[in-house]
Amino acid sequence: MVVTVRSLGLNGVSGYEVSAECFLSGGLPAFDVVGLPDAAVREARERVRAAMKNCGLKYPVSRITVNLAPAGQKKAGTLYDLPIFVGLLAAGENLPEPPADAAFLGELSLTGALRRVTGVLPMALAAERAGIRQLFVPADNAAEATLAGGLTVYGVPDVTALMAHLRGERLLSPTPAWRPETDEGALLDLRDVMGQENVKRALEIAAAGGHNLLLIGSPGAGKSMLAKRLPSILPDMSREEALAASGVWSVAGLADPKHPLLTRRPFRSPHHTVSASALTGGGPAMRPGEISLAHNGVLFLDELPEFRRDALEVLRQPLEDGEVTVSRAGGTLRLPARFQLICAMNPCRCGWRGHPDRPCTCSERDRARYVEKISGPLLDRIDLHVTVPSVEYEAMRRRETPEDSAAVKARVDGARALQARRLADSGAACNAQITPAQMRTFCQLDGPGEALMKNAFQRLGLTARSHDRILRVARTIADLAEAETIGATHLAEAIQYRNTDILKG
């Protein structure tokens, strides 16, 4: 007898339907799992056998064949323990066949308890698209699965409770839809930063338009302090953005069972020893990397020149495309990577170049060697290059309280609302994502603006890419000023953020 149990699988950060076909036949006892299973899937044989015996069930003494269809798609992980368990019991007539609109996933312990698995959110979304209406998952994954909507989710503590439910003896209660808590704690606030008004203005522009930002300044000037306060002024995520970001975190095993939905934009700050593979993703399990974990959020690279050259260069394609294609021996994945890049660095190796009081001890060769890891193509993809001056003593002792993040965020939200109306149905979420074709409509310049742009293009030696990025930043500055068109003052402010003389040795 063949029993088919519906389940799900993962391909990168996308879910797809899997059918566990269980067949009991005569012959010498054996247990074969086919359908391109990895080692964890094959080991389900031992977990299922032990769980059955420890729960007092009769293990079928026959030739067992389990096919995980589609058979040509590689299967990985421990989530197929539960559908195999249910299929074998149903094939041995120890359990009714499961409903046609039900799917099962979860890892079994040897005692029959269910352990949580990763990637439940994207699989639950795939289940809803496939017409599945009942989803049985481990109890620790139930809240996460409810985020998909359109599903009746059952959190299963152990197989004994599941069997009682399927037999109609003692029904499980559906898990209520998870709702985020109203108070999740305060973020770091800009009012903690004394002085640095020009840098705060650049942070506001970056947040309003989703632009990439590079902060250059001496040690202790406040670069990291400012960058870590950017999340407090970023606009809130839409539900679609939150689901996409939470799905990546779920696949990576970082989802919190009690708080499965990210309600704030991710902020990832990897150490400068990170490898290129750790940034892009991949590895034996083909997991998302740091740039995918920062999807719809911020990737902060502190001490930028200390990163390996190959690690920095892998950022170039994702910054343009909003996704990264990972090709490894285990397969090829396309992972989302629409992130905002924020970088911080010293002006030289000793850190004191340009400081008003402390002399720089670096030679010209030392200065050139320090910045040579930052290639021109990567620098060209960063919209705002801002010098962070050293804070004066008077600014540190200033009595008045600086503007807080809530006031800045209100202006950012206003600018994003203008962009949302302008870019509706265009596929772009903010000014940083405007395509060259859309720029001809949304970023037109008047006569004085054209003259200013031409002069800057020739004098600064701009590329076509930097030309477009200046126009996008100018569009954001105009939105913050609630201006319909880009004026010369907006364009002039955008141009002055492309001054990278300090990086030229």
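**Helices, cores and cysteines of the chain**

Gly 447, Pro 448, Lys 454, Gln 458 and Arg 459 are exposed on the other side of helix H19 from its buried residues. The model is a predicted one, and this helix is a convenient place to begin reading it.

The buried residues of H19 are Gly 449, Met 453 and Ala 456. They lie on the same side of H19, because the arc that they cover around the axis is only 65°. The spacing of such residues follows from helix geometry: an α-helix has 3.6 residues a turn, so residues three or four places apart point the same way. The buried residues of H19 pack against two further helices, H20 (464-480) and H21 (488-496).

The length of H19 can be checked as well. The helix comprises 14 residues, 447-460, and at 1.5 Å a residue these should span 20 Å; the C-alpha atoms at its ends are 20 Å apart, so the expected and modelled spans agree. At the N-terminal end, Asp 446 acts as a cap, with a side-chain oxygen 2.9 Å from the backbone nitrogen of Gly 449. Beyond the helix comes Gly 461, which has a positive phi, near 65°.

Helix H21, one of the packing partners of H19, contains His 490. This histidine counts as buried because its relative accessibility is 12%, under the 20% cut-off. Leaving aside residues up to four places away in sequence, His 490 touches Ala 474, Ile 477, Ala 478, Ala 481, Ala 483 and Thr 485.

Helix H4 (residues 120-129) is mostly covered, with 7 of its 10 residues buried. These are Val 120, Leu 121, Pro 122, Met 123, Ala 124, Ala 126 and Ala 127. Their cover includes strands E1 (2-11), E2 (14-25) and E8 (134-138), together with helices H5 (142-145) and H9 (239-251). H4 is followed by Gly 131, whose phi is positive, near 85°.

The nonpolar interior comes next. In soluble globular proteins, nonpolar side chains tend to be buried together. Here the largest nonpolar core has 60 residues, and those touching the most other members are Val 66, Phe 85, Val 86, Leu 88, Phe 104, Leu 105 and Leu 135. Helix H3 (residues 81-91) supplies the largest share of this core, 8 residues. Leu 135 touches Leu 8, Ala 103, Leu 105, Ala 124, Ala 145, Leu 151, Thr 152, Val 153 and Tyr 154, when residues up to four places away in sequence are not counted. A second core, separate from the largest one, has 49 residues, among them Leu 190, Leu 203, Leu 230 and Ile 434.

The cysteines form 0 disulfides by the distance rule of 2.5 Å between sulfur atoms. For Cys 55, the closest cysteine sulfur is that of Cys 22, at 17 Å, which is too far for a bond. Cys 55 counts as partly exposed because its relative accessibility is 24%. Cys 343 is likewise in no disulfide, the nearest cysteine sulfur being that of Cys 430, 17 Å away. With a relative accessibility of 1%, Cys 343 counts as buried.

Finally, the chain as a whole may be considered. The protein chain has 21 helices and 18 strands, and its C-alpha trace spans about 85 × 45 × 45 Å along the principal axes. Of its 505 residues, 53% are buried. Among contacts with a separation of 6 or more, 73% join residues 24 or more positions apart.

How values were computed. Residues are numbered from 1 along each chain as its sequence is written. This is a predicted model: local features need pLDDT of at least 70, side-chain atom pairs count only at pLDDT 80 or more; totals for chains, interfaces and linings use all residues. Side-chain values use heavy atoms; hydrogens and water are left out. Helices (H or I, at least four residues) and strands (E, at least two) are DSSP runs, numbered from the N terminus. The expected span of a helix is 1.5 Å times one less than its number of residues. Buried means under 20% relative accessible area, exposed over 50%, partly exposed in between (1.4 Å probe, protein chains only). The arc is that of the directions from the helix axis to the C-beta atoms. Contact means heavy atoms within 4.5 Å. A polar contact is a pair of N or O atoms within 3.5 Å; within protein, one must be able to donate a hydrogen and the other to accept it, and residues adjacent in sequence count only if both atoms are side-chain atoms. A nonpolar core is a set of buried Ala, Val, Leu, Ile, Met, Phe, Trp, Tyr and Cys residues joined through side-chain atoms within 4.5 Å.
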